[in-house]
There are 2 protein chains.
Amino acid sequence: MNKDFVSLSEGSGGKEMNDLIKSFTFRGRGRWKNCYDDSATLDIGDSKLLVFTTDSFVINPIFFPGGDIGHVSVCGTINDLAVMGATPLGLSLGIVLEEGFSKRDLKKIINSINKISKDTGIPIVTGDTKVMEKGKVDKIVINVSGVGIAKKGGLLDKPLEIGDRIIISGGIGEHAIALLSKRFDYKTSIITDSKPLVEEISSVRHLIKAAKDPTRGGIAATLNDISQKHNLGMLIDEESIPAKKEVRIVSEMLGINLYELACEGRFICISSKDNACLVENTLKKFNSDAKIIGTVTDDNKVVIDTQLGRRILPEPRGLIVPRIC
Amino acid sequence: MNKDFVSLSEGSGGKEMNDLIKSFTFRGRGRWKNCYDDSATLDIGDSKLLVFTTDSFVINPIFFPGGDIGHVSVCGTINDLAVMGATPLGLSLGIVLEEGFSKRDLKKIINSINKISKDTGIPIVTGDTKVMEKGKVDKIVINVSGVGIAKKGGLLDKPLEIGDRIIISGGIGEHAIALLSKRFDYKTSIITDSKPLVEEISSVRHLIKAAKDPTRGGIAATLNDISQKHNLGMLIDEESIPAKKEVRIVSEMLGINLYELACEGRFICISSKDNACLVENTLKKFNSDAKIIGTVTDDNKVVIDTQLGRRILPEPRGLIVPRIC
């Protein structure tokens, strides 16, 4: 890899991307906080925090089992607000189109966006459309930014303690497997897990300390992110990690680490040991695969307990799976 | 033009783009207002309005006399907040890169963004980076969204009256001519006018009723936008429109309508007849070419008064100049 030029792996949500982002060194955040989290936050008085986030989507293919680029774009940004503990207020929509893009496909994507907006009551309030010459962009790129409000003290950004439990809201990897089925042309019954997480997170918000959605880089990236941020370790019980049999088989077949597969409608959260079962049971009402998967430890590493012994689950590196979200 | 597929002209800021955007028909904006303006607004209590906007930038070339895509992206979004009468609070930065993009060029762009952020005190608070395979996107696409706060009653969205004056903050078309000089390889001393307008607008905010920056589609698009929104006409005095001689010559040489050339550091504002000279003189402190250029009328059209008589200045149509902002 030539270090003078941007590589695909720098867009894949792993260590290389984190290094690239940190090299940007934006000086001065003013009174904003959580700038390296899913959303940045600003105290705007009156016991309120403004919460602000952005995400660009370059998915290939743009239509896949159970969803499309519009669906994932809107859910992704709503979820980045929701995992912070915020109530989303409104979204922006920036669309870059390739000249010659089918208006029927555009309409389908817009309808997807409209449906989620209507179902969640979170409106698209501002937008921008650009068109690039044929061959200058691959079909469509979508940016969705979002603003929300959180109560002061209500952020899911509380200190963690050794012994806290780690809970996942459902089976992993379905988004990646559904999307890759179109790219690699295999048959599967798996559809994307893409969905807005507002209701699920609201149902346990008062019981949990932190939350994060495992998108690019999968749970491997997310667990390492939380671990690094809090300077604590995690011990994950491999057998408890929920994943559909077909997801396991296809990920093995493709040679892709199951734990690095992106989800678009799951979140990992941390609660005290005492609250963990209540969190698990509450989340099971939305998805029967919700599960306690591990414990916060004091050793600064994410360790996975397997039938063959314990091993470290590292932060993903290299080209995980490009253009999956 | 085949109506089933997206055309370049639908990304050029003219009538076709307005029609495309309106065809999206997003249902339900909740309590948000001004959704078709430069920024959307939401009453968040405590006599405050949240102001939110987004813009994607697909400029070609990415470096040009006096600026680069980073400079224009950040200024563009800051200005979309400022023309609404808002105080910008923070910006998001979504970057989509082509695999193999030069890190030296990326650093230059990031430095440009950092400089404006530092100069204006408006921080970049949240971001996202994606990489597309070589050939799947032309170098770099940037989305900048922005949030700001305005006082209730402080929006530059007041009703206009017949007889109000129209003022422009400086000479037109410099951004377009500077950028096109690289694309068409001609020599010019013109550099982009790209700059943040926060200070200039603040200096006259209490004196004006409405403001808008003439980016894509130039003053032809902006004057028609204001006219349509308020259901009023405008009479513009051609001789009073400020433009550098070289801008006039090059636009004639290229066969591009001077009034459709994009600016990135100018705004048009409307004040009462009584305040107009004070607005003009205040703005002259920032740019000696600031000028009263016309009057609000009752005839629903933008009319330009030339040496050869009066003619309508229509909303731009067709392919104005692609990928200029």
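Begin by selecting chain A of this predicted model and colouring it by its domain assignment, which gives domain 1 as residues 31-151 and domain 2 as residues 165-312. If you place a marker at the C-alpha centre of domain 1 of chain A and another at that of domain 2 of chain A, the two markers lie 23 Å apart. Next, select the residues where these domains of chain A touch: 27 residues of domain 1 are in contact with 22 residues of domain 2.

Now bring chain B into view and superpose it on chain A, which can be done with an RMSD of 0.0 Å by a turn of 180 degrees combined with a shift of 0.0 Å along the axis. That is therefore the relation of a two-fold axis. The same surface serves both copies, since 100% of the contact residues of chain B recur in chain A. To find the rotation axis from the side of chain B, select B:V137, whose C-alpha, at 2.1 Å, comes closest to it among the residues of that chain.

Staying in chain B, show helix α4 (residues 174-184) together with helix α7 (residues 245-254), whose axes come within 10 Å and cross at roughly 50 degrees. α4(B) and α7(B) are therefore oblique to each other, and their crossing is left-handed. Finally, display the side chains at this contact, where B:E174, B:I177, B:L180 and B:F184 of α4(B) meet B:V247, B:V250, B:S251 and B:L254 of α7(B). Coloured by residue class, the residues of this contact between α4(B) and α7(B) divide into 6 nonpolar, 1 polar and 1 charged.

Notes
Residues numbered from 1 in each chain as written. Chains lettered and ligands numbered in written order. Predicted model: local features only at pLDDT ≥ 70, side-chain atom pairs only at ≥ 80, totals over all residues. Heavy atoms only, no water. Axes fitted to C-alpha atoms, helices over the stretch in contact; angles between N-to-C directions. Helix = DSSP H or I, 4+ residues; strand = E, 2+ residues; numbered from the N terminus. Parallel < 35°, antiparallel > 145°, perpendicular 65-115°, else oblique. Left-handed = near helix turned anticlockwise from the far one by under 90°. Contact = heavy atoms within 4.5 Å. Nonpolar A, V, L, I, M, F, W, Y, C, P; charged D, E, K, R; others polar. Least-squares fit on C-alpha atoms with pLDDT ≥ 70 in both. Domains from an automatic or database assignment.
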